[in-house]
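Me: Could you take a close look at a single part of this model for me? I would like to see how one helix and a loop residue sit in the chain.

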Amino acid sequence: MVALVSQENVVALPLVSRTGRHLQRYTKAGRRQVVGCIPYKYKSGKQEFLDIEEGLEVLVISSQKGKGMLFPKGGWELDETIIEAASRETLEEAGVRGIVECALGEWSFKSKTHDTYYEGYMFPLLVQEELDFWPEKNFRQRQWMSVADAKECCQHWWMKEALDRLINRLRCQQQLEKEEAVSCTLSF
C-alpha cells in the first residue's frame, strides 16, 4: 500500500486499478458519474511569469480505448468522496499525486463508445509527486505539454472547457496577487 498524505487527511491507495462497476455512482436519471483532474505544474517551479498559459504545463494521458489524449478520469464510487475519486483516478491512470483544488465544474456528455450520457466533474491537481510506477503504466502513455498543445490534442470538448476554466481561474488569482502586492507597497 502507498499512503497519500494531504493536509486534511490520510488516504491509503493500493498500486492497482479498481475494476468493475458494482460500486459505481449514478444520478437519479441513470447517468454514470465520472470524475477527473487536470494535473498541472509551473515550468519554473514557481508562478513567476507574465502569461499564465506560457508558464504552465499540463499532463495528458493516452486513451485506453482509442486514439487521442485526454486528462485522467474515471468512475466515482459509492465508498469514496468526490475528491478521493479524483485523486485515485489520477494516480491510477497518470501516476501523479498532488493537491486537488476546487472543482472546475460539472458537464453532461455522451459517451463515445456507449449510447449513454455521463455526468463529469473536473478538478485541477497541482502536481507534487510523479511516480515511476503506477497501476496503468503499461496501458497508457503520459505526456507533459503546453496548454495550447493540450487544447489541440485533447479528444473531449468538456475537458477542453475545464482547461479553459482552470486557466481563467489561475489568471484571476495571479491578478489578485499583483493587486495585493501593489496595495501593500503603496501602504508604506
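Reply: Happy to; here is a walk from the whole chain to one helix and one proline. This is a predicted model, in which local features need pLDDT of at least 70, side-chain atom pairs count only at pLDDT 80 or more, and totals for chains, interfaces and linings use all residues. Residues are numbered from 1 along each chain as its sequence is written, and side-chain values use heavy atoms, with hydrogens and water left out.

The chain has 3 helices and 10 strands (DSSP runs, numbered from the N terminus: H or I of at least four residues for helices, E of at least two for strands). From the N terminus the order is β-β-β-β-β-β-α-β-β-β-β-α-α.

Helix H1 covers residues 82-94, 13 residues in total, and reaches 18 Å from its first C-alpha to its last, close to the 18 Å expected at 1.5 Å a residue (the expected span is 1.5 Å times one less than the number of residues). Because 10 of its 13 residues are buried, H1 is largely enclosed by the rest of the structure; buried means under 20% relative accessible area, with a 1.4 Å probe and protein chains only. Among the buried residues of H1 are Arg88, Glu89, Glu92 and Glu93. Gly95 follows H1, with a positive phi near 70°.

Now to Pro72, in the loop between strand S5 (69-70) and strand S6 (73-75). Pro72 is buried, at a relative accessible area of 0%. Beyond its neighbours within four places in sequence, Pro72 is in contact with residues including Glu89, Thr90, Glu93, Ala94 and Leu59 (contact means heavy atoms within 4.5 Å). The C-alpha atoms of Pro72 and Leu59 are separated by 8.8 Å.

Note on methods:
Buried < 20%, exposed > 50% of the residue type's maximum accessible area, 1.4 Å probe, protein only.
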